[in-house]
Amino acid sequence: GLINSGGASGENDLQQAVKTAVINKRAGGCGLISGRKAFQRPMDEGIGLLNSIQDVYLTEEVSIA
């Protein structure tokens with residue numbers, strides 16, 4: 001399965017991570033590497049970001065294109 005890198009940390013990390021996860025899932029991917037985006041911020045924000053990415057992969061509303 002395809003696993004994408006989440007890219008460098010910066011502004012709009014949550015939006016960028018969710019967008020990348022949606023694109024990855026629609027392309028048949030199965031995961032997203034998101035270390036810097038999640039772990040270089042306060043714990044509650046990082047957990048929220050990781051939960052949002054998980055939600056993309058768990059929802060049936062986002063499917064293979």
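A salt bridge is taken here as a side-chain nitrogen of Lys or Arg lying within 4 Å of a carboxyl oxygen of Asp or Glu. The structure is a predicted model, in which local features need a pLDDT of at least 70 and side-chain atom pairs count only at pLDDT 80 or more, whereas totals for chains, interfaces and linings use all residues. Residues are numbered from 1 along each chain as its sequence is written, and side-chain values rest on heavy atoms, with hydrogens and water left out.

The pLDDT, which is the predictor's confidence in each residue on a scale from 0 to 100, has a mean of 90 over the chain, and 100% of the residues reach 70 or more. Helices (H or I, at least four residues) and strands (E, at least two) are DSSP runs, numbered from the N terminus. Among these elements, strand β1 (residues 3-5) has the lowest mean pLDDT, at 82, and α3 has the highest, at 95.

The model holds three salt bridges. In one of them R41 pairs with D13, the closest N and O atoms being 2.3 Å apart; because R41 lies in the loop between α2 and α3 while D13 belongs to helix α1, this pair ties together parts that are 28 residues apart in sequence. K37 also forms a salt bridge with D13, with 3.4 Å between the closest N and O atoms, and since K37 is in helix α2 and D13 in helix α1, the pair links parts that are 24 residues apart in sequence. R41 further forms a salt bridge with E45, where the closest N and O atoms are 3.1 Å apart. Through shared partners, these salt bridges join D13, K37, R41 and E45 into one network.

The members of this network can also be described by their accessibility, for which buried means under 20% relative accessible area, exposed means over 50%, and partly exposed lies in between (1.4 Å probe, protein chains only). D13 is buried, with a relative accessible area of 3%, and K37 is buried as well. R41, at 24% relative accessibility, counts as partly exposed, and E45 is likewise partly exposed, with a relative accessible area of 41%.

Helix α3 comprises 16 residues (43-58), which at 1.5 Å a residue should span 22 Å, and its end C-alpha atoms are indeed 22 Å apart; the expected span is 1.5 Å times one less than the number of residues. Within α3, the residues G46, L49, I53 and V56 are buried. Seen down the helix axis, the buried residues of α3 fall within an arc of 80°, so they line one face of the helix, the arc being that of the directions from the axis to the C-beta atoms. On the other side of α3, M43, D44 and L58 are exposed.

The cover over the buried residues of α3 includes α1 (13-26), β2 (31-33) and α2 (35-39), contact being defined as heavy atoms within 4.5 Å. When residues up to four places away in sequence are not counted, A38 touches G46, L49 and L50. With the same exclusion, S34 touches L50 and I53; S34 lies in the loop between β2 and α2 and, at 9% relative accessibility, counts as buried.

A nonpolar core is a set of buried Ala, Val, Leu, Ile, Met, Phe, Trp, Tyr and Cys residues joined through side-chain atoms within 4.5 Å. The largest such core has seven residues, namely A17, A21, L32, A38, L49, I53 and V56. Helices α1 and α3 each supply at least two residues of this core, and α3 gives the most, with three residues.
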